[in-house]
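Got the viewer open? Here's a short tour that tells you what to select next and what you'll find there.

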Amino acid sequence: MSYRCGIGYDLHRLAEGRKLIIGGVEVPFEKGPVGHSDGDVVAHALCDALLGAAGLGDIGTHFPDSDPQWKGANSLLFLEHARKLLDEKHFTIEYVDAVVILERPKLGPHFPKMREALAKSLRVPVEKIHLKAKTNEGVDAVGRGEAIAVHVIATLSTL
Ligand code: MG
């Protein structure tokens, strides 16, 4: 058995009039991510971490934002597709750990639902998905509430 880790990062600007979708869950807030799809930063960074660990490129390769097919798309679809690609290459998802950086609102109460949604899309037990939240201590664009950023590490195993 061998193990591989992949890293993923994403950032989206926040604007009024957009739904705040994080980890497949809508969080009530006055702003949401600007993006071609639903702007779900956790799903995007997670997708990149999985593809990176498998040596399969990145989310832009598989879901170009120039493609009208993905306009307003539910980003959990990207994860479902990534899971299929991993299956084809005989990779197993061992663990996912993420840090979501957002000044407001508090995300902790929403983590159980997000973990459930992500685990369902990846068809893994919910215990394999871990989420953590940080603020940016008021510093930079994230700290001013102008953006949301996410870092993810995914561990895969293969025979
Ligand atoms: Mg993105």
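**Stop one: strand S1 and its partners**

Start by selecting Ala15 and Gly32: Ala15 stands opposite Gly32, which belongs to strand S4. Keep in mind as you click around that this is a predicted model.

Now widen the selection to residues 2-16, which is strand S1, and residues 31-33, which is S4. These two run antiparallel and pair over three bridges.

S1 has another partner to look at. Add S7, residues 147-158. S1 and S7 also pair in the antiparallel sense, over 12 bridges. For a sample of that pairing, pick Cys5 and look across to S7, where its bridge partner is Thr155.

**Stop two: just past S7**

Step along to Leu159, in the segment after S7. Is Leu159 buried or exposed? Its relative accessibility is 89%, so it counts as exposed. Select Met1 and Tyr3 along with Leu159, and you have a nonpolar patch on the surface. Together the three offer about 460 Å² of accessible area.

**Stop three: helix H1**

Next, select residues 41-54, helix H1. From first C-alpha to last, its 14 residues reach 20 Å, close to the 20 Å expected at 1.5 Å a residue. H1 is largely enclosed by the rest of the structure, because 13 of its 14 residues are buried.

Zoom in on the start of H1: a side-chain oxygen of Asp40 comes to within 3.2 Å of the backbone nitrogen of Val42. Then hop to the other end, where Gly55 follows H1 with a positive phi, near 70°.

Terms used:
Residues are numbered from 1 along each chain as its sequence is written. This is a predicted model: local features need pLDDT of at least 70, side-chain atom pairs count only at pLDDT 80 or more; totals for chains, interfaces and linings use all residues. Side-chain values use heavy atoms; hydrogens and water are left out. Patches are made of residues with over 30% relative accessible area and no salt bridge: like charges are joined within 9 Å, nonpolar side chains (Val, Leu, Ile, Met, Phe, Trp, Tyr) within 5 Å. Accessible areas come from the Shrake-Rupley method with a 1.4 Å probe; for residues, only the protein chains shown count as cover. A salt bridge is a side-chain nitrogen of Lys or Arg within 4 Å of a carboxyl oxygen of Asp or Glu. Helices (H or I, at least four residues) and strands (E, at least two) are DSSP runs, numbered from the N terminus. Buried means under 20% relative accessible area, exposed over 50%, partly exposed in between (1.4 Å probe, protein chains only). Two strands pair if DSSP finds at least two bridges between them. The expected span of a helix is 1.5 Å times one less than its number of residues. A polar contact is a pair of N or O atoms within 3.5 Å; within protein, one must be able to donate a hydrogen and the other to accept it, and residues adjacent in sequence count only if both atoms are side-chain atoms.
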